[in-house]
Every structure is written in structure tokens, then in C-alpha cells.
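Biologist: I should like to learn how to read a structural model step by step. May we begin with the meeting of two chains?

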Amino acid sequence: MFHSGFAAHSISLERQMVNLRAQSIKRKDALEAYIMVLPAVVLLSIFVVVPILYAFKISLYDLNYYAKSAFVGMRNYYLVLTDPLFKTSLFAGFKFVLYVIPGQFLLSFLVANVVKRMSRAGGFVKSSIYIPTVISGIVAGLIFMFIYDFQGGFGNYLLGLFGVEPLAWYNDTRTAMLSIALPAIWLGFGVMTLIMLAGLNDIPVEYYEAANMDGAGGWTKMFRITIPSLRNVFVYLLVTSVTSAFQVFDLPFLITQGGPLGLTTTPNLLIFNHFRSDPYMGYAIAAALVMFILLGLLSVIIFKVINSEKAMD
Amino acid sequence: MKIRTNKMKLLLLTTFAASMLVAGCGNQNKETASSESPSDSGQATSSQSASESTAPVEKQKLILWHTVTEKYDQEWWKKWVDEYNKSQDNIQVELTFIPGDAWDQKLKAAQATGTAPDIYNKPLSGVAQEALKGTIMPLDDYVNPDVWNDLTENGKKYMFLNGKYYGFPRYIEPSALLLYRKDKFAEAGLDPEKPPTTWDELIEYGKKLTNKGVFGINMPTGEGDMSWTTWGMQSQLNGHLALADDWSKATIATDGNVELLNFFKRVFDEKIAPKQAIDGYANDKPIAQGKVAMEMAGSWTLGALANEFPDQMDKIGVSFFPTKDGDYKKPTASLGGWALVVDAKSQHPKESAEFLQWMFARDPKVLADYYQRGKYSKFSPWKSVEDYLIQDPEAAKAPYRKIIAEQVVPYAVNEPLYPWDVSVAFGQAFNRVLLNNMDPMKSLQQSEKQINDFIAKNQLAGKNFK
């Protein structure tokens, strides 16, 4: 009896030791994990989290570097949200997104499908469409300004070939938004194409083979296999490209200066103009934080809309 | 074995984290150091002054920031700052040129961290707004009051604000002139010595001069440019600018401004001007290269032409910008320019004022050198310098200086001191007429409402300068 009791005791002791060792290993693993994450957390806190919290704090003041900043509560937010120019800039941002994203998506999807079938030329095409991505917005803007030159620019030369009158590309209410959308599409479609291509390559070949056996045509395969399989890629691309397009600054700053009539003043350009000329920084900070919240909401909406569709499998 | 690997991991990670932090901080320092001298000229200066400052260590350093300007201007600055530094043992001025499009960010960032320069340049009409904000220092305590008596009427109006003097102006120049190509006139059968003086003549000449590849006249386009380049014309047609004297309301919905808008519409409707200004407003290239036969331009365009296209100078004619009836004895241009101001938080206002007086109020030769390098395209806000230039035989030879000095400058108006937003709203009135075909009066009334809203939100009424 003593023997079995001792045995039972020693078994449970062993189990306890195993458990303890497992726990200590877990704790050690957890500790290692925390240490691994520590540099990123520290950097993010110092350069992202703390500044945002500080920004929220100073947005409640009339921030001024030469006199005492007065506490004004929510007045800066009130000024931003009741400013018709702020609302116009949001509208301009949305319009810019509508001009750029559908075109970019379509173009990238088509090119990705074409490149997927290319074997030898594919490598060359993939590198060359990526080149615009490494060009800065300012350089692209300057290149396009040459194209948009009223007299002697390539744009008006092309129009002239069709007998169309020269256009004031960036000084015309009809074409100003287009004049900044074109460089944006050119700059961004390289990355989009490559990501879509990666997504396309991920689709198992068996799906297409099965579809072929069932006698599916090209369009059916496109809409029933390719596009649904790319849903996650689309979500990622939509969220990132919409939020980045909405925040465009360098192109309207350089090409149209936000005109004519404020039609191409995107939100970031508006904030920059206020930063530049306002005596107090309150409006600029409050507007930037409002944009932060808006873009966060936009991303959530995009996620919900795309994910609410029925899952593929 | 396991313990050693763990210790290794820990050591590696801490080293990695530490090096990232050091790299982050280290990069910041390097960035500020290199961004202090972005242009080649800037670097040459700071290395030069660095070698000079290794000598007497007691020299008080003054930081001077200046926007990037024409080459001849930068050379003038470098020369005279060096002269000043050599001429005395107390103060060492460090000059940095900063590109205009990076200016606001750099200055604001410096102001935020309390490292703003001691002295920097500011457009004449912008000095008033800085004085309102309290970002620049009134200089009366550090400057002999006699100095200010040397300012011309225009110069004084820009610098003497609410009872105090706020800066040293460097030059004034008219913002709107008519430049034209005499050879193109002759080709079109027009008298090269008889530029158009009335609006009707301007349009008639423009039509004769517009051919394949050549436009009659390069006009300002874009609401920003159209608003400030027409300050002279606005004053000419209304007797006042966009705001009432006490800044309580907008005063732009006038018959005079309707005439102005209609004039611009006529010019563009007759297709004598490109709908998008070629190379922007008052650029010397379009007229030098013969892409346009006439140009609405500022007097700095002449300085640029003389320096960049000297062999074209004999083909260029200058006149006042046409008025409705051809009479030039009324405002056709506004007088703009730049001044040097001292930052309100500067630790060395006395030394800064000393330096500025040495540069601008001691010897007229210093500023005159600048005007000479600009081929006499600029004018002086200091009476003594103006007198000095009258003696200069080269100035008398500059063909256009006489015309501008007689026909434009005496009648020109100062730029307004109200915030830029008001002018942009006025500029938008132009665009609504030109691009959207709106009725001019309706367009002006819409801009008036915009401006009145701005005045209310920013409590501008009564903030005008006395």
C-alpha cells in the first residue's frame, strides 16, 4: 500500500515536474517572444503612438510658438468640420480615388493576366512596369507637366493630330482632376500588377483543369474562379491604394496647386496650406487627426464590404 | 548549451535594439546638419565661415536664412556677408540658402524646436502678417531712429506697422509691366517703338502677333497669379483693393472689377494668350525664345533676361501695362520686394540689428552693388541708395530703367497687407468667369461672401495696420 502510494505520489510528482518544465519553457518562450517584439514596440511607441497622443492633446490648444498657447477645447475640430473648404477637399479626395483606382485596378488586372502567360518576355515586362514605382511623385509630376505644356507639349500635340483644340490640361475645370490622376495611375500600377500577378500564380491549376473538364468557357472561369480567388488580394490592394490615393499631396501640389477653383485641393494639400500660412497650428493638427479617423473608418468599411460576401469554400 | 544560446539571443537582441536606437538618433543629427546646407553655394559658405570661426572663438554666431534666389543675388550675399565677417571681431554671420518650396516647412520646424534663425528674408507684404503673429521682433530698441528717415514713402509703409519698425527692405520692384519683342512687332507690320497703351490696342496687336507657334501675349493664369499680379489694375479701376480700410468686409463686387474680369475674358477669348501660361508668370524664357511676342511681366524678368539672354536684350521693349484709356499716370502695377527681419525669439537682437544696419544703412555702395548686378531692374526703398544710383552712369544707360522709373514706379501702389486667403478668393472670381463662363458680378459676389466668412472666422475686423 505504501509502495503503491509512493508510486502514485512519485507519478504525480513526475507529472508536476513535467508540467512545471512545460510552464517554464512556455514562460521562457513567452519572454523570448516579448524580447523579439520589443524593438518594434519601442520604436512604434516613440515615433508613432506618443506623437499621435501628443497630437490629440495639442489639438485642443491654439498651438503657437511665440506666445502662450491658449486652451480652446474642441474649437479647432469645430472649425475644421464646419469649413466648406474641408468638405470640398474630401470630395476632391473621393473624386481622385474614383478617377485613379478603378482604372488602375482594371489595367493591372489585364496586364497581370497577360504577363502570366508570357514566359520569356515576362521577366522583362515585370521589371519595366515596376520602374515608375521608384520614381518619386515630384519627378513624375514634372514629366507630366512637360506633357501638359500648352504649346509644344506632347498632350496637345496628340490632340492636334485628331484636330482637337489644345487643352489647358491643368488649368481647366474639366481636365484638372484628370491631369493629376494620369501620373498617379502611371506611378502605382506597377506594384498593383505585380501583386495581382502573385495572387494569380497562387490559384491552384487544378481549379482550371476541373473547370475545363466541366466545359467552362473563358468568362465563366474568370468570374467563378479567378476573381473570387483573388478576393483577399483585392481587399489588400483596395485598402492600401484607396487610403494612399486619398492622401495624395505631391501631384496636386506640383501640377495644379490645388486649383482651379479648389477642385484638386485634396485633404492633405489643404492641411499643408493651413500649416504653411496659419498663424496657429490648431486647424492643421485637428484636420490631420480628423483625416486619421476618417481613413481608419474607410478601411474598416472596405474590409466589411468585401468580406461580407459568401466565402469561396 | 541551452542557457548559452539563450544568453546569446538576448545579447544579440539588445545589441540590435540599441543599435537601432542609436541609428535613429544619429541619423537625426546627420539630417539636421546636412539639411542646414542643401545648395552647393550654401555649403561653400558654411565651410568658409567654419574655417573663419576657428580663429577668434569669442565671435558671436548669427544664423541668417535666405530663400534661393538668382545666382547674381546669391553671389552678392556671399560677398557682403564675408566682408562683414572680416570687418569686425564680434559677430560671425552664417548664411544658408533654402529653396522656396522647402522654406515654410523648415522655418516652422525650426520655430517649433526653438532653433529658428536670427535673421531671415520675407516678402515686404508678408512682414505685416508676421508682425501680427508676433513672430518677428520690432527693431526700434536696437536701431538709431535716423536710419528710418532714409526710407522712401513706399518702404516706410511696409516696415512701419502699428507704431514700430519691423525690418530692413532690400528692394522694391513693379510686379506688372508690358514686355514685348520689337523684332516680332516689325515682322507683323507694327511700329517697334510704339507699344500698345490701351486695352483695345493690346488686343488688336495681340491678334496681329498671334501666329502658328507664337502667342501674342503671355498672361498670368491660375487664381494665385491672377490675383496678385493685378493688384495694380485693381487699384487703378477701383481706387482700393479687396478689403475696406478697417478690414471689416470685402469690397470687390464693383463695376471696376467687372471691367477687369471682362478685360481678361476678352484677352483669352480672342485666343491671343495661352490658357495655361507658358513657363508660369513673368518667366524670361518664353519671350527670349520667341514663343510669345509680348508678356505681362515684372521688372525682375528684365534682370533675369539681362543675365540669362543678354544678346536678346536689344530686341526687348518695355512699357507700362496698358490701361483702358492709355493714361499711365495711374496705378498699373504694385510694388513688391523683400526685406530682412529678425526672429522674435532671437537671442541676439542687438547683433542682428547691427549686422542689418551695416548692410543696408551704412554705405549706399553695398545695396547699389546688388542693383548693378541685377542690371538695374530693381528699385530702392532707401533714399540714399536711390540718389547714389542716379549718379551711376551705367544706370542711366539701362534703357528700360528710365521708362519704369518715370511711367510706372511713381504711380504704383504697395501690396496689400491682409492675409493671402483674401487674394486667393479674389483670384477664384477670375477663374469662375474664365473657366465656367459665370457672370462677372455674380462671381465677384460669391468671392465677397467667401472673404466675409473668412473675416468673421478669423476676426480680422479692426486688425488693419495703422
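Modeller: Let us start with a term. A salt bridge is a side-chain nitrogen of Lys or Arg within 4 Å of a carboxyl oxygen of Asp or Glu. Please keep in mind throughout that this is a predicted model.

Biologist: How many salt bridges are counted between chain A and chain B?

Modeller: The count between chain A and chain B is one. Its partners are Asp104(B) and Arg276(A), whose closest N and O atoms are 2.6 Å apart. Over all chains, the structure holds 24 salt bridges. Asp104(B) belongs to helix 4 (residues 100-112) of chain B and Arg276(A) to helix 12 of chain A, so this pair joins two chains. Arg276(A) counts as partly exposed, at 26% relative accessibility.

Biologist: How many residues of chain A and of chain B are in contact?

Modeller: On chain A, 38 residues are in contact with 42 residues of chain B. The area buried between the two chains is about 3,400 Å², and carbon and sulfur atoms give 59% of that area. Within chain A, the residues that lose the most area to chain B are Tyr66(A), Gln151(A) and Leu261(A), together 24% of what that side buries.

Biologist: How many residue pairs are in polar contact between chain A and chain B?

Modeller: There are 13 such residue pairs between chain A and chain B, counting pairs with both residues at pLDDT 80 or more. One may then ask which elements supply the side of chain A that touches chain B. Helix 1 (2-58), helix 2 (75-81) and helix 12 (267-277) of chain A are the elements that give two or more residues to that side. Helix 1 of chain A provides the largest share, nine residues. Sorted by class, the side of chain A that touches chain B has 22 nonpolar, seven polar and nine charged residues.

Biologist: What should one look for within a single helix?

Modeller: The general idea concerns direction. An α-helix has 3.6 residues a turn, so residues three or four places apart point the same way. Helix 4 (residues 121-134) of chain A offers a case, its buried residues being Gly122(A), Val125(A), Ile129(A) and Pro132(A). Viewed down the axis of helix 4 of chain A, the buried residues fall within an arc of 80 degrees, so they line one face of the helix. Phe124(A) and Val134(A), on the other side of helix 4 of chain A, are exposed.

Biologist: What covers the buried residues of helix 4 of chain A?

Modeller: The cover includes helix 3 (84-117) and helix 7 (176-202) of chain A.

Biologist: How does one read a salt bridge inside one chain?

Modeller: One notes the partners, the distance and the place in sequence. The side chains of Lys350(B) and Glu354(B) form a salt bridge of 3.5 Å, N to O. These two residues are four apart in helix 15 (residues 349-360) of chain B, a separation of about one helical turn. Glu354(B) counts as partly exposed, at 34% relative accessibility. Salt bridges can also share partners, and in this way Lys79(B), Asp369(B) and Arg373(B) are joined into one network. Another pair is Asp325(B) and Lys330(B), with 3.2 Å from N to O. Lys330(B) is partly exposed, at 22% relative accessibility.

Biologist: Is Arg181(B) buried or exposed?

Modeller: To answer, one needs the cut-off: buried means under 20% relative accessible area. Arg181(B) has a value of 6%, so this residue is buried. Arg181(B) is placed in strand 7 (residues 177-181) of chain B. Leaving aside neighbours within four places in sequence, its contacts include Ile287(B), Gln289(B), Gln312(B) and Ile316(B).

Biologist: Which unusual backbone features deserve a look?

Modeller: One is a cis peptide bond, which joins Gly259(A) and Pro260(A) with omega of about -15 degrees. Pro260(A) lies in the loop between helix 11 (250-256) and helix 12 of chain A. Another feature is a positive phi in a residue that is not a glycine, as in Lys375(B), at about 55 degrees. Lys375(B) is found in the loop between helix 16 (364-373) and helix 17 (383-391) of chain B, and Lys375(B) is partly exposed, with a relative accessible area of 36%. Gln459(B), also not a glycine, has a positive phi of about 50 degrees. Gln459(B) is located in the segment after helix 21 (440-458) of chain B and is exposed, with a relative accessible area of 54%.

How values were computed:
Residues numbered from 1 in each chain as written. Chains lettered and ligands numbered in written order. Predicted model: local features only at pLDDT ≥ 70, side-chain atom pairs only at ≥ 80, totals over all residues. Heavy atoms only, no water. Contact = heavy atoms within 4.5 Å. Buried area = accessible area lost by both parts, 1.4 Å probe. Polar contact = N/O pair within 3.5 Å; in protein donor to acceptor, adjacent residues only side chain to side chain. Nonpolar A, V, L, I, M, F, W, Y, C, P; charged D, E, K, R; others polar. Buried < 20%, exposed > 50% of the residue type's maximum accessible area, 1.4 Å probe, protein only. Arc of directions from axis to C-beta.
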